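Work through the exercises below with the sequence and the 3D view open beside you, and try each task before you read its solution.

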Amino acid sequence: MDLNQIYKSEWLKANINCKQGDTLKFIEDLTAVEGKDAKGNPKIDLTGKVEIFRDGKSIDTKKFSVNKTNRKAIQKILGSETSKWVGKELMINVVRVNNPQ
């Protein structure tokens, strides 16, 4: 029994509902929400929706939480204005991050 199939997430999860080489398409602008991290320090959470494509076919739509690591990578490619990300596509490159954020 695959628990990932039973407990499906609404969020994009590497190697669970998207894989290396899939393509993401931003389908809405990101939303910024101010909050605090586990230590009580201020932080901003950026979220939006993406469509996942595999072999040229749409397979799902998920919420996407943009962390510091993937924000920097996406910003290098698509620029700092997130409203211009809408409709743009990126290929997924899954990497292990030792200390996210």
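**Exercise 1: A residue in a strand**

Task: Find which residues Thr-23 touches, not counting residues up to four places away in sequence.

Solution: Leaving out residues up to four places away in sequence, Thr-23 touches Glu-51, Ile-52, Phe-53, Glu-89, Leu-90 and Met-91, where contact means heavy atoms within 4.5 Å. Next, place the residue itself: Thr-23 belongs to strand E1, and strands (E, at least two residues), like helices (H or I, at least four), are DSSP runs numbered from the N terminus. Finally, look at its cover: Thr-23 counts as buried because its relative accessibility is 18%, given that buried means under 20% relative accessible area, exposed over 50%, and partly exposed in between (1.4 Å probe, protein chains only).

Before going on, note that this is a predicted model, in which local features need pLDDT of at least 70 and side-chain atom pairs count only at pLDDT 80 or more, while totals for chains, interfaces and linings use all residues. Residues are numbered from 1 along each chain as its sequence is written, and side-chain values use heavy atoms, with hydrogens and water left out.

**Exercise 2: The chain as a whole**

Task: State how many helices and strands the chain has, and find what its radius of gyration says about how compact it is.

Solution: Begin by counting, which gives two helices and five strands; in sequence order they form the pattern α-β-β-β-β-α-β. The radius of gyration is 14 Å, close to the 13 Å that the globule rule gives for 101 residues, so the chain is as compact as a globular protein of that length. Here the radius is taken over C-alpha atoms, and the globule rule is 2.2 Å times the number of residues to the power 0.38. As a further step, the C-alpha trace spans about 40 × 35 × 25 Å along its principal axes, and buried residues make up 20% of the 101 residues. Among contacts between residues at least 6 apart in sequence, 56% join residues at least 24 apart.

**Exercise 3: The nonpolar core**

Task: Identify which residues have the most contacts inside the largest nonpolar core, and then which elements each supply at least two residues of this core.

Solution: The largest nonpolar core has 14 residues, and those with the most contacts inside it are Leu-12, Phe-26, Phe-64 and Ile-74. Strand E1 (23–26), strand E3 (42–54), strand E4 (57–66) and helix H2 (68–78) each supply at least two residues of this core. A nonpolar core is a set of buried Ala, Val, Leu, Ile, Met, Phe, Trp, Tyr and Cys residues joined through side-chain atoms within 4.5 Å. Taking Phe-64 as an example, and leaving aside its neighbours within four places in sequence, we find contacts that include Trp-11, Leu-12, Phe-26 and Ile-74. In soluble globular proteins, nonpolar side chains tend to be buried together.

**Exercise 4: From a helix to its partners**

Task: Locate Leu-78, and find which residues it contacts beyond its neighbours within four places in sequence.

Solution: Leu-78 is found in helix H2, and, with those neighbours set aside, Leu-78 is in contact with Phe-26, Trp-85, Lys-88 and Leu-90. For one of these partners the spacing can be followed further, since Leu-78 and Lys-88 are 10 residues apart in sequence and 8.1 Å apart in space, C-alpha to C-alpha.**Exercise 5: Loop residues**

Task: Decide whether Asp-55 is buried or exposed, and find the sign of its phi.

Solution: Asp-55 is found in the loop between E3 and E4, where it counts as exposed at 76% relative accessibility. Its phi is positive, about 55°, although Asp-55 is not a glycine. Asn-15, in the loop between helix H1 (3–6) and E1, also is a residue other than glycine with a positive phi, near 65°. To finish, consider Gly-40, which lies in the loop between strand E2 (31–36) and E3 and is partly exposed, with a relative accessible area of 37%. The C-alpha atoms of Gly-40 and Arg-54 are 14 residues apart along the chain and are separated by 39 Å.
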